[in-house]
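Please open the model in your viewer and keep the selection panel at hand. The tour goes from one selection to the next and says what is found at each stop.

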Amino acid sequence: MQNSSMRARRTLLYVPGSDWRKMEKAAGLGADCVCLDLEDGVAPSSKAEARTLIAKALSELDFGNSERLVRVNAADSGLQAEDLQLASHPNLQGLVLPKAAGAADVQTVGTRLQQAEQARSLAPNTLSLLAQIESAMGVVNLKEIASADPHLVALVFGSEDFASDVGAIRTDEAEEVFYARSAVVTYAAAFGLQAIDMLHVNFKDSAGLRRLAAQGARLGYSGMQIVHPDQIAPVLAAFTPSAEDTAWAQRVVDTYEQHEAEGRGAFALDGKMIDMPLVKAARRVLARAGIASK
Ligand code: COA
Ligand code: MG
């Protein structure tokens, strides 16, 4: 099920596809992923214009190392079939599907990506699909969604739409979406997918953003959605292990390897019991820091 595209997706920056100035800016910001939006960031009257502008942006702008994604409209919008034509664009690297409610929604987009791969002479599953879980039905159907299509690389938690779907009242603490937020990260891990966390709509509140991002990282999320350039640095910091965490993880793995060579299992390090789950966690920290370990 795992897609070959295992790139880090710590910052997923949305840009309205109807706003050329912002797309130009987004290209140079160094976000891990830039998501040119056709869905809720674009007014209904501007959808056609946004499709044209996005095609132009993909053709003309240099996005550097940022992954070039487009978010299409939802399955039941009546707009998606036309949006999906952008899959054929030679510079598109993947699609984001909002409001995924079941396997069929994911498969419709996956099939279109497969056709685009053939037309563009790309190897199967080169193009990525990220599915947003942002409704009660999306959470209930997580298992079938997570295993629906081989293009799927990530589940993305949409807290605002989710809260509105179940009638929850959003707070800064985000307790009201905690079950769904935890469910998304759990199913992503079970199916070998990345998990990308909710966004902080109050883009001027950097303390709140740092708190939310740190919480997401602790839950197991590998990245976060963002809507403003100022959100890139704090989110990168939250989802990149600190030098201190990396040094500790390296010591855990090194010490484990010494003990393993001597045929011993659990051991003590700085007064802490270390056994297999902690070694695995340490290896994950090293992987996130971009350090290879066995
Ligand atoms: N991508 C790229 N550039 C962005 C940006 C984004 N998402 N958001 C803001 N900028 C740019 C602005 O163009 C501005 O640059 P400029 O002064 O050189 O033109 C600079 O960053 C500062 O922006 P600021 O004035 O603080 O914000 P704003 O009022 O222009 O825009 C929002 C605020 C919320 C409308 C804007 O951040 C935005 O459109 N975000 C994405 C919305 C979206 O896609 N929603 C759907 C998915 S949830
Ligand atoms: Mg949404």
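How far is an oxygen atom of ligand 1 from an N or O atom in the side chain of Lys-25? The distance is 2.7 Å, and this is a predicted model, in which local features need pLDDT of at least 70, side-chain atom pairs count only at pLDDT 80 or more, and totals for chains, interfaces and linings use all residues. Residues are numbered from 1 along each chain as written, chains are lettered from A and ligands numbered from 1 in the order written, and side-chain values use heavy atoms, without hydrogens and water.

Stay with ligand 1 and select Arg-21, where a side-chain N or O atom is 2.5 Å from a ligand oxygen, and then His-228, where the corresponding distance is 2.7 Å.

Next, colour domain 1 (4–238) and domain 2 (243–293) separately; these bounds come from an automatic or database domain assignment, and the C-alpha centres of the two domains lie 33 Å apart.

In domain 2, select helix 11 (residues 243–261), which has 19 residues and reaches 27 Å from its first C-alpha to its last; helices here are DSSP runs of H or I with at least four residues, and strands are runs of E with at least two, numbered from the N terminus. Among its buried residues are Thr-246, Val-253 and His-259, where buried means under 20% relative accessible area with a 1.4 Å probe and protein chains only. The buried residues of helix 11 pack against strand 9 (267–269), strand 10 (272–274) and helix 12 (276–288). Finally, select Gly-263, which follows helix 11 and has a positive phi, near 80°.

Notes
The expected span of a helix is 1.5 Å times one less than its number of residues. Buried means under 20% relative accessible area, exposed over 50%, partly exposed in between (1.4 Å probe, protein chains only). Contact means heavy atoms within 4.5 Å. A polar contact is a pair of N or O atoms within 3.5 Å; within protein, one must be able to donate a hydrogen and the other to accept it, and residues adjacent in sequence count only if both atoms are side-chain atoms.
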